[in-house]
Amino acid sequence: MLTLYVINTCDTCRKARKALEERGIAFNTHDLRKDGLSADLLAHILARVPLEDAVNKRSKTWRDLSQEEKDTFDAAPQPLLIKYPTLLKRPLLEVDDKTMLVGYRDGDYDTLNG
């Protein structure tokens with residue numbers, strides 16, 4: 001079964017969820033803020049998505065980081081990502097053991113089967 005990693009207040013995550021529901025595709029939802037982002041889950045995500053594709057450096061969360069946090073991010077990103085899960089681009093849709101789709105635009109899920 002697919003897993004959709006979201007932040008419930010994210011508009012793009014709501015659109016992705018609606019797209020899956022309209023296609024009749026079963027999926028589990030994991031709210032990165034409410035359900036948490038553990039070190040194991042982060043490692044699971046980063047094994048499927050390169051760090052540079054997974055992190056949203058245009059986000060408000062990134063802009064609000066201290067300069068020291070930004071300067072140390074590339075050397076040790078995991079602690080900051082766990083502390084601030086909203087640094088991850090979202091939604092993240094885990095399709096299978098190797099594939100995770102990052103973000104959502106209309107039509108992105110059209111090839112998925114329900």
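In this predicted model, the sulfur of C10 lies 3.2 Å from the closest cysteine sulfur, which belongs to C13, and this separation is too far for a bond, because a disulfide requires a pair of cysteine sulfur atoms within 2.5 Å. C13 is accordingly in no disulfide, the nearest cysteine sulfur being that of C10 at 3.2 Å, and a search of the whole structure finds zero disulfides. Both cysteines are nevertheless classed as buried, a term that applies under 20% relative accessible area: C10 counts as buried because its relative accessibility is 12%, and C13 is buried with a relative accessible area of 1%.

The strand β1, which spans residues 2–6, is mostly covered, with five of its five residues buried. The covering extends to both faces of β1, since L2, L4 and V6 on one side and T3 and Y5 on the other are all buried. Strand β1 is joined by five bridges to strand β2 (residues 27–31), and the two strands run parallel; within this pairing, the bridge partner of V6 in β2 is D31. Between these strands the chain passes from β1 through helix α1 (residues 11–22) to β2, and the resulting β-α-β crossover is right-handed. Strand β1 is also joined to β3, in this case by three bridges and in an antiparallel arrangement, in which Y5 stands opposite L92 of β3.

The loop between α6 (77–83) and β3 (92–94) contains T86. Residue T86 counts as buried because its relative accessibility is 11%. When residues up to four places away in sequence are not counted, T86 touches I7, R33, S59 and T61. With T61, the side chain of T86 also makes a polar contact, side chain to side chain, at 2.7 Å. The loop between α6 and β3 also holds P91, which is joined to R90 by a cis peptide bond with omega of about 0°. As a general point of comparison, most peptide bonds are trans.

Aromatic side chains were examined next, and the count comes to two aromatic pairs. In the pair formed by W62 and F73, the ring centres are 5.2 Å apart and the planes meet at 85°, so the pair is edge-to-face, given that planes over 60 degrees apart fall into that class. This pair links distant parts of the chain, with W62 in helix α4 (residues 60–64) and F73 in helix α5 (residues 67–73), 11 residues apart. Both members are classed as buried, W62 having a relative accessible area of 11% and F73 a relative accessible area of 1%. The pair of Y104 and Y109 is instead tilted, with a distance of 4.7 Å from centre to centre and an angle of 50° between the planes. Y104 is buried, and Y109 is buried as well.

Notes
Residues are numbered from 1 along each chain as its sequence is written. This is a predicted model: local features need pLDDT of at least 70, side-chain atom pairs count only at pLDDT 80 or more; totals for chains, interfaces and linings use all residues. Side-chain values use heavy atoms; hydrogens and water are left out. Helices (H or I, at least four residues) and strands (E, at least two) are DSSP runs, numbered from the N terminus. Buried means under 20% relative accessible area, exposed over 50%, partly exposed in between (1.4 Å probe, protein chains only). A polar contact is a pair of N or O atoms within 3.5 Å; within protein, one must be able to donate a hydrogen and the other to accept it, and residues adjacent in sequence count only if both atoms are side-chain atoms. Contact means heavy atoms within 4.5 Å. Two strands pair if DSSP finds at least two bridges between them. A crossover is right-handed if, with the strands pointing away from the viewer, the path from the first strand over the helix to the second runs clockwise. Rings of Phe, Tyr and Trp (its six-membered ring) pair if their centres lie within 6.5 Å; planes under 30 degrees apart count as stacked, over 60 as edge-to-face and the rest as tilted.
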